[in-house]
Amino acid sequence: MNATVDRKTCSGCGTCAKQCSDVFQIVGGKAAVGVVHIPWYLESASMHVSHECPEGAIHIGEAHGLMMAETGSDLRSWIAL
Ligand code: SF4
């Protein structure tokens, strides 16, 4: 299981980072995912946070493959294929 954040939609409210800081952090005023794969013991909390996000910016899904992608001038992120 993996998480992605749509940083264009994210308002940077910080709810996800407060509720599940082992997976989500605020970087540059927006949420970012700090793990490639969500550990089993954080899956429930991550799912809960995705429903709590006021902007609907968090997607939780199954990763069949991952690639490193440029998401900004100085920020790289893992994305699911
Ligand atoms: S809860 Fe949603 S809007 Fe708020 S920081 Fe996290 S991803 Fe962004």
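Strands E2 (24-27) and E3 (30-33) run antiparallel and are joined by 4 bridges. Two strands count as a pair here if DSSP finds at least two bridges between them. Helices (H or I, at least four residues) and strands (E, at least two) are themselves DSSP runs, numbered from the N terminus. Within this pair, isoleucine 26 has alanine 31 in E3 as its bridge partner, and valine 27 stands opposite lysine 30 in E3. The two strands make a hairpin with 2 residues between them, and glycine 28 in that turn has a positive phi of about 65 degrees.

Before going further, a word on what you're looking at. This is a predicted model, so local features need pLDDT of at least 70 and side-chain atom pairs count only at pLDDT 80 or more, while totals for chains, interfaces and linings use all residues. Residues are numbered from 1 along each chain as its sequence is written.

Now step back to the whole protein. There are 2 helices and 6 strands, and reading along the sequence gives the pattern β-α-β-β-α-β-β-β. Of the 81 residues, 22% count as buried. Buried means that 20 or more other C-beta atoms lie within 10 Å of a residue's own; 12 or fewer makes it exposed, anything in between is partly exposed, and the C-beta atoms are placed from the backbone. Contacts are counted in a similar spirit: two residues touch if their C-beta atoms, placed from the backbone, lie within 7 Å. Among contacts with a separation of 6 or more, 51% are between residues 24 or more positions apart.

Where do the buried nonpolar residues gather? The largest nonpolar core has 15 residues, and Val5, Cys16, Phe24, Ala31 and Ile58 touch the most other members. Such a core is a set of buried Ala, Val, Leu, Ile, Met, Phe, Trp, Tyr and Cys residues joined through C-beta atoms within 7 Å. Strand E1 (2-5) and strand E3 each supply at least two residues of this core, with E3 giving the most, 3 residues.

Two of those residues are good places to start clicking. Leaving aside neighbours within four places in sequence, cysteine 16 is in contact with Phe24, Ala31, Val49, Cys53 and Ile58. Isoleucine 58 sits in strand E4 (residues 58-61). Isoleucine 58 counts as buried because 25 other C-beta atoms lie within 10 Å. With the same sequence neighbours left out, its contacts are Ala3, Val5, Cys16, Val49, Ser50 and Cys53. Isoleucine 58 is also 9.2 Å from threonine 9, C-alpha to C-alpha, although they are 49 residues apart in sequence.

Helix H2 (residues 43-52) is next, and there Ser46, Val49 and Ser50 are buried. These three lie on the same side of H2 because they cover an arc of only 105 degrees around the axis, the arc being that of the directions from the helix axis to the C-beta atoms. The general rule is that an α-helix has 3.6 residues a turn, so residues three or four places apart point the same way. The cover over the buried residues of H2 includes E1, helix H1 (15-19), E2 and E4. Turn to the face of H2 that points away from its buried side and you find the exposed residues Ser44 and His51. Methionine 47 is in H2 as well, and it counts as partly exposed because it has 16 C-beta neighbours inside 10 Å.

Helix H1 holds both threonine 15 and glutamine 19. Threonine 15 is partly exposed, with 17 C-beta neighbours inside 10 Å; not counting residues up to four places away in sequence, threonine 15 touches Glu52 and Cys53. Glutamine 19 is partly exposed too, with 15 other C-beta atoms within 10 Å. Leaving aside its neighbours within four places in sequence, glutamine 19 is in contact with Ala45, Val49 and Glu52. For glutamine 19 and alanine 45, the C-alpha to C-alpha distance is 7.8 Å across 26 residues of sequence.

Finally, the ligand. Which residues are closest to the ligand? Of the 14 that surround the ligand, the closest are Cys10, Cys13, Cys16, Ala31 and Cys53; a residue is near a molecule if its C-beta atom, placed from the backbone, lies within 6 Å of it. By class, this shell has 9 nonpolar, 4 polar and 1 charged residues. Here Ala, Val, Leu, Ile, Met, Phe, Trp, Tyr, Cys and Pro count as nonpolar, Asp, Glu, Lys and Arg as charged, and the others, Gly among them, as polar. Cys16 and Ala31 thus bring us back to the core, where both are listed among the residues that touch the most other members.
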